[in-house]
Amino acid sequence: MSSNNCLTSAEVVRQFIERVRSGREPRASAELMAPNILSHQIVSGKAKVIERTPANYQEHIEEFLAAYGQYDLTIEEFLSDGDKVYVRWRQTGRHLGEILGYAPTGLPLVWVGSAVYKVLDGKIVEYWIQQENKGLLEQLRNQLYANQ
């Protein structure tokens, strides 16, 4: 039985965002996520579903850290209703690794995302995420032109 069972869905997701998604403790994904999670992803209007595990989610966050450095993640909206929790965040980092085919510039980048997380028995079991990449692409293009 998980020690997270005594936490509300909102508390599980807040810990996940503040510890794992923020890049501060990627390994805590095993504590806060079920062994297999369905991830419904919409990236700039294109939808797909992938299966996540705590281990590959940790790798995903480590890729963010390589690309953005230790970034700041600010929660802008946080709503909870039963087993579902909605979070919108703003991520601010530096362009330290290749992102969407663009070589690193070291310049600041801001990226906005949101997700609805479903929590059962103290673990995230499914989520629906939307990522806005057009603004990120514009920032990357502007950095490319500024460096020429």
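**Exposure, fold and contacts in the predicted model**

Leu100 is partly exposed, with a relative accessible area of 48%. This value, like the others reported here, comes from a predicted model. Leu100 is placed in the loop between strand E4 (84-94) and strand E5 (108-120). Although Leu100 is not a glycine, its phi is positive, at about 50°. Asp121 likewise has a positive phi of about 50° without being a glycine. Asp121 belongs to the loop between E5 and strand E6 (123-131). The relative accessible area of Asp121 is 63%, and Asp121 therefore counts as exposed, since the cut-off for that class is over 50%. The 48% of Leu100 falls in the partly exposed class instead. Gly23, which follows just after H1, takes a positive phi of about 85°.

The confidence of the prediction was examined next. The mean pLDDT of the protein is 91, and 94% of the residues reach 70 or more. Among the elements, helix H1 (residues 9-21) has the highest mean pLDDT, 98. The lowest mean, 77, belongs to helix H4 (residues 134-146).

The overall fold combines four helices with six strands. Read from the N terminus, the order of these elements is α-α-β-β-α-β-β-β-β-α. The order thus opens with two helices and closes with a helix. A compact globule of 148 residues would have a radius of gyration near 15 Å, and the 16 Å of the protein agrees with this. Along the principal axes, the C-alpha atoms fill a box of roughly 55 × 30 × 25 Å. Of the 148 residues, 41% count as buried. The accessible surface amounts to about 7,900 Å², and carbon and sulfur atoms contribute 51% of that area. The protein carries 16 positive and 18 negative charges, and the mean positions of the two sets are 4 Å apart. When contacts between residues at least 6 apart in sequence are considered, 58% join residues at least 24 apart.

Helix H1 was considered in detail. Its buried residues are Ser9, Ala10, Val12, Val13, Phe16, Ile17, Arg19, Val20 and Arg21. Val13, a residue of this helix, has a relative accessible area of 0% and is therefore buried. Beyond its neighbours within four places in sequence, Val13 is in contact with Phe78, Val85, Val87, Tyr117, Val119 and Ile124. Of these partners, Val85 and Val87 fall within the residue range of E4, and Ile124 falls within that of E6. The C-alpha atoms of Val13 and Ala66 are separated by 24 Å, with the two positions 53 residues apart along the chain counted as their separation.

Ala10 also lies in H1. When residues up to four places away in sequence are not counted, Ala10 touches Phe78, Ser80 and Val85. Phe78 and Val85 appear among the contacts of Val13 as well. Ala10 and Val119 are 109 residues apart in sequence, and the distance between their C-alpha atoms is 8.6 Å.

Glu18 is a further residue of H1. It is partly exposed because its relative accessible area is 40%, a value between the limits of 20% and 50%. Apart from neighbours within four places in sequence, Glu18 is in contact with Arg24 and Ile75. Glu18 and Glu98 are 80 residues apart in sequence, and their C-alpha atoms are 25 Å apart.

Thr8 is located in the segment before H1. Its relative accessible area of 42% makes Thr8 partly exposed. In sequence, Thr8 and Leu136 are 128 residues apart; in space, the distance between their C-alpha atoms is 33 Å. Leu136 falls within the residue range of H4.

Methods. Residues are numbered from 1 along each chain as its sequence is written. This is a predicted model: local features need pLDDT of at least 70, side-chain atom pairs count only at pLDDT 80 or more; totals for chains, interfaces and linings use all residues. Side-chain values use heavy atoms; hydrogens and water are left out. The radius of gyration is taken over C-alpha atoms; the globule rule is 2.2 Å times the number of residues to the power 0.38. Buried means under 20% relative accessible area, exposed over 50%, partly exposed in between (1.4 Å probe, protein chains only). Contact means heavy atoms within 4.5 Å. Accessible areas come from the Shrake-Rupley method with a 1.4 Å probe; for residues, only the protein chains shown count as cover. Lys and Arg count as positive and Asp and Glu as negative; His and the chain ends are not counted. The place of a charge is taken as NZ of Lys, CZ of Arg, CG of Asp or CD of Glu. pLDDT is the predictor's confidence in each residue, from 0 to 100.
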